[in-house]
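Open the model in your viewer and keep the selection box at hand. We will go stop by stop.

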Amino acid sequence: MPAVKPRTLTWPAAVDAVAVMVLLAAGLAGFWPVFGGPGFIRPVVFGILVGAGAAWLGAWRRWSTFTMAVATVVSYFVFGTAAALWSRGIAQLAPNLACLKTLVFSSVSVWRQFVTATTPVASFYPFMLVPFILTLVASVAAFSAAWRARHPGVALIPVAALTALVILLGTSNAFFPTVQSVVLSLVSVCWIVWRNHQATGAMSATRRPSSLAGGAWLAKAGVLFGVATLVAGVAGPALCTGIDRDVLRKHVVPPLDLTAFASPLISFRNLVDTQKDDVLFTVDGWSQDDLLRLAVMDTYDGMVYNVGEATGASRYDRVGPDLGDSPAPSPGQPVTVTVTDDDYSGVWVPSLSQNRSLTFTGPQAEDLSSSLYYNPQSDCLIDPTGLSAGTSYTVQSLIPTATPTAATPVARVTLPAPQWVPDSVGALAVQWTGEDTSALDQVNDIVGTLRTTGYFSHGLESEDPSLPGHSSYRIDKLLADPSRMVGDDEQYAVAAALMLMKIGIPARVVMGFRTDADSTLDGTTWSVKGSDAHAWVEVPFDGVGWYAFFPTPDKNQQPQQQLNQSKAKPKPQILQPPPSTTSHDDQSLQADPDSQNKDQNKEQHHSIAWRTVLALVGMGAVPLIVIVGPMVVIIVWKSARRTRRRTDARLPWRMAFAWQEILDRAADLGTVIPASATRRQAATIVSSVFALGTMNALADAADLGTFSASPPTPAQADALWQQAVLAAADLGHTRSWWRRFRARIAVTSLRRHAKPTVTIPGGP
């Protein structure tokens with residue numbers, strides 16, 4: 001059946017349209033688990049309708065592939081706001097400057113963000129662009145193939161590609177795979193058989209009787225559909241039982257760079273000193289037994305306890321208001337609190353434990369929601385946008401109620417081994433734990449000794465001197481004389497964590513806020529001040545999860561006498577690694593911190609510059625691939641066709657193909673010869689249109705090689721091909737360079753029934 005040319009929507013074209021729409025919808029249904037519901041339907045509907053409209057217009061106007069690519073890009077910018085960014089568009093339809101900017105930049109960046117975000121992703125602002133872009137491109141390709149290609153089965157290629165991409169971008173849980181496969185196979189088989197029946201019926205009067213007369217084609221479609229259903233509906237699920245689908249989001253590393261953010265523990269002394277009386281935020285619905293967590297640190301390098309990059313508390317994923325399923329090792333108490341920012345500015349979002357959902361309100365709500373990251377292993381959230389005054393959010397959490405006992409074993413958790421740990425840490429850990437073998441007893445020995453024998457001081461003007469920081473040097477000073485330990489949460493929490501790690505018990509440092517006798521608490525409303533900042537350690541137990549321990553002495557546990565005569569506030573410590581012994585590499589770590597910072601800033605600057613360059617290259621690559629990709633495919637297709645023709649083993653066909661190469665070149669240049677024309681008539685038309693010498697000799701040579709009683713020789717075929725290639729090149733030389741370029745990417749010669757642009761001399 002000839003390809004449909006829908007200047008008007010005929011019923012065969014309508015059947016093709018319905019079949020393609022159903023196939024596309026079946027493939028796109030796999031997005032349901034990713035978006036957690038039908039939220040993606042709007043961009044999908046827009047993509048199908050806009051793609052069908054562009055393909056219909058291209059088939060009507062006989063646009064080239066290049067023109068269709070441009071039309072697709074234009075459609076993306078015109079309808080992208082209404083389809084995917086309606087919440088920020090003008091009347092939810094027209095794009096504004098911000099939407100156009102998002103359409104440009106997100107077309108590159110949204111893909112990596114999409115596969116690294118925690119599902120469901122319906123709440124993320126730009127993520128609706130993913131189904132819209134995929135649907136738009138696949139629709140244009142599928143509808144164009146259905147209406148313009150020689151073989152309608154070509155339309156199944158973009159459908160199959162779309163289905164595969166939806167699977168790769170989806171989740172491990174398939175969305176009714178049996179139903180999807182049955183629908184895809186049913187519609188594909190019935191549609192292709194019907195198209196073949198239409199084509200056979202159209203040719204039966206002139207070529208051969210139809211083998212699918214009457215209703216026989218329905219019987220054939222039924223047989224094929226039965227086989228497809230058996231394979232897809234029975235064998236498929238049986239083969240896939242117990243297999244976890246492999247998708248991209250399992251392998252793509254999240255783009256969040258935790259090293260770009262300083263350890264929250266560094267700001268501890270500033271909070272309890274310069275902001276001790278400032279209300280940072282207000283918490284409604286608070287219980288005094290809860291802990292307001294800010295950040296979890298699991299990596300120690302001798303200078304800073306920080307959030308690691310390899311294991312432990314390092315995996316932060318993009319999330320929406322629904323934070324997903326976090327581990328729940330034991331029963332817990334549901335808690336809901338509302339946090340209102342007063343004077344806090346930072347990227348770490350205060351929350352509880354085992355958080356279930358977080359909803360922002362306020363002036364930055366939409367921006368904060370679209371850039372929120374959550375780590376369910378550490379129950380911590382980070383938002384690179386940064387909180388600011390006026391921001392409010394509600395957190396729903398589950399507070400564990402289980403507690404460890406002496407018989408509870410420590411959970412197997414892998415944490416990065418701490419570096420540059422003073423020798424005093426390990427020696428005291430062994431000494432204080434003694435002969436205790438229970439993990440809980442060993443933890444209580446270390447934590448209890450620090451809390452009961454140490455002294456508390458922030459090092460403020462009204463307190464005993466205490467150096468800030470938690471470097472290896474500072475921890476060694478703290479433990480130098482166990483009977484005269486002086487510090488605050490920062491030092492005691494780090495010391496406890498390092499000691500526990502030394503005896504093989506995994507531990508991490510947590511910084512956050514908790515209430516005490518000095519806190520401002522009005523019923524269930526807590527005005528959190530800088531003085532409420534604390535740090536503690538957590539240890540994992542089987543069936544309990546990470547359990548908190550508090551090694552810091554009480555605030556009223558002050559030294560009995562002044563450790564120094566001077567009451568002046570000590571100067572800020574210059575953090576240094578532990579003293580060197582004999583290694584030259586160890587001494588190199590004591591370089592000037594300022595020079596190290598300069599080197600780090602320089603490296604960071606170069607890193608940012610390279611990321612910027614790569615981003616710009618990526619932004620240009622996407623439209624380049626969309627526009628240039630189809631051109632390359634067409635050029636390669638024509639080259640492969642030419643090679644196949646020139647090497648055909650049937651010599652008469654090879655000589656006929658040589659003449660056809662000239663006609664195809666003329667067709668791509670805009671002159672389509674009627675199929676009923678003889679080679680002599682075609683030669684006359686080509687010579688006249690392109691103002692070249694007669695081509696009758698080439699036409700006669702092709703006729704002789706095709707119809708002669710004696711078969712042609714390979715030398716004759718090669719000679720004709722050489723002359724045909726030169727003649728085809730001469731045709732292009734009569735036109736401008738732009739017209740020659742358009743001819744190279746034109747698909748006119750690839751169509752079986754291209755509409756003639758000239759008439760046969762002397763014909764009707």
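A residue counts as buried under 20% relative accessible area, as exposed over 50%, and as partly exposed in between. Keep that scale in mind for each stop. The model is a predicted one.

**Stop 1: the whole chain**

Show the protein chain as a cartoon. It holds 22 helices and 18 strands. The chain has 764 residues, and 46% of them count as buried. Now think about contacts between residues at least 6 apart in sequence: 78% of these join residues at least 24 apart.

**Stop 2: Asn-270**

Select Asn-270, which sits in helix 10 (residues 268–273). Is Asn-270 buried, exposed or partly exposed? Its relative accessible area is 37%, so it is partly exposed. Show side chains here. The side chain of Asn-270 makes a polar contact of 2.6 Å with the side chain of Thr-274. Next, add Ser-531 to the selection. Asn-270 and Ser-531 lie 261 residues apart in sequence, yet their C-alpha atoms are 9.9 Å apart in space.

**Stop 3: helix 1**

Select residues 11–28, which form helix 1. Its 18 residues should span 26 Å at 1.5 Å a residue, and the end C-alpha atoms are indeed 26 Å apart. Color the buried residues. Among them are Pro-12, Ala-13, Asp-16, Val-20, Leu-23 and Leu-28.

**Stop 4: helix 5**

Move to residues 97–116, helix 5. The expected span for its 20 residues is 28 Å, and the end C-alpha atoms are 27 Å apart, which agrees. Where is helix 5 kinked? Center the view on Ser-106: the kink there is about 55°. Ser-106 is also one of the buried residues of helix 5, as are Thr-102, Leu-103, Ser-107 and Val-110. Further along, the buried residues include Phe-114, Val-115 and Thr-116.

Now go back to the start of helix 5. A side-chain oxygen of Asn-96 comes to within 3.3 Å of the backbone nitrogen of Ala-98.

**Stop 5: two cysteines**

Stay in helix 5 and pick Cys-99, one of its buried residues. Its relative accessibility is 0%, so it counts as buried. Then jump to Cys-380. This residue is buried too, with a relative accessible area of 0%. A disulfide is a covalent bond between the sulfur atoms of two cysteines. How many disulfides does a search of the whole structure find? The search returns zero.

**Stop 6: Ser-392**

Select Ser-392 in strand 11 (residues 392–400). Its relative accessible area is 13%, so Ser-392 is buried. Show the side chain of Thr-340 as well: a polar contact of 3.5 Å joins it to the side chain of Ser-392. Leaving out residues up to four places away in sequence, Ser-392 touches Thr-338, Val-339, Thr-340, Thr-359, Phe-360 and Thr-361.

**Stop 7: helix 20**

Finish at residues 696–707, helix 20. Its twelve residues reach 16 Å from first C-alpha to last, close to the 16 Å expected at 1.5 Å a residue. Which residues of helix 20 are buried? They are Leu-698, Ala-699, Ala-702 and Gly-705. Look down the axis of helix 20: the buried residues fall within an arc of 130°, so they line one face of the helix. Rotate to the other side, where Ala-697, Leu-704 and Phe-707 are exposed. Finally, display helix 18 (651–668), helix 19 (679–689) and helix 21 (714–733). The buried residues of helix 20 pack against these three helices.

Conventions
Residues are numbered from 1 along each chain as its sequence is written. This is a predicted model: local features need pLDDT of at least 70, side-chain atom pairs count only at pLDDT 80 or more; totals for chains, interfaces and linings use all residues. Side-chain values use heavy atoms; hydrogens and water are left out. Helices (H or I, at least four residues) and strands (E, at least two) are DSSP runs, numbered from the N terminus. The expected span of a helix is 1.5 Å times one less than its number of residues. Buried means under 20% relative accessible area, exposed over 50%, partly exposed in between (1.4 Å probe, protein chains only). The arc is that of the directions from the helix axis to the C-beta atoms. Contact means heavy atoms within 4.5 Å. A disulfide is a pair of cysteine sulfur atoms within 2.5 Å. The bend at a residue is the angle between axes fitted to the seven residues ending there and the seven starting there. A polar contact is a pair of N or O atoms within 3.5 Å; within protein, one must be able to donate a hydrogen and the other to accept it, and residues adjacent in sequence count only if both atoms are side-chain atoms.
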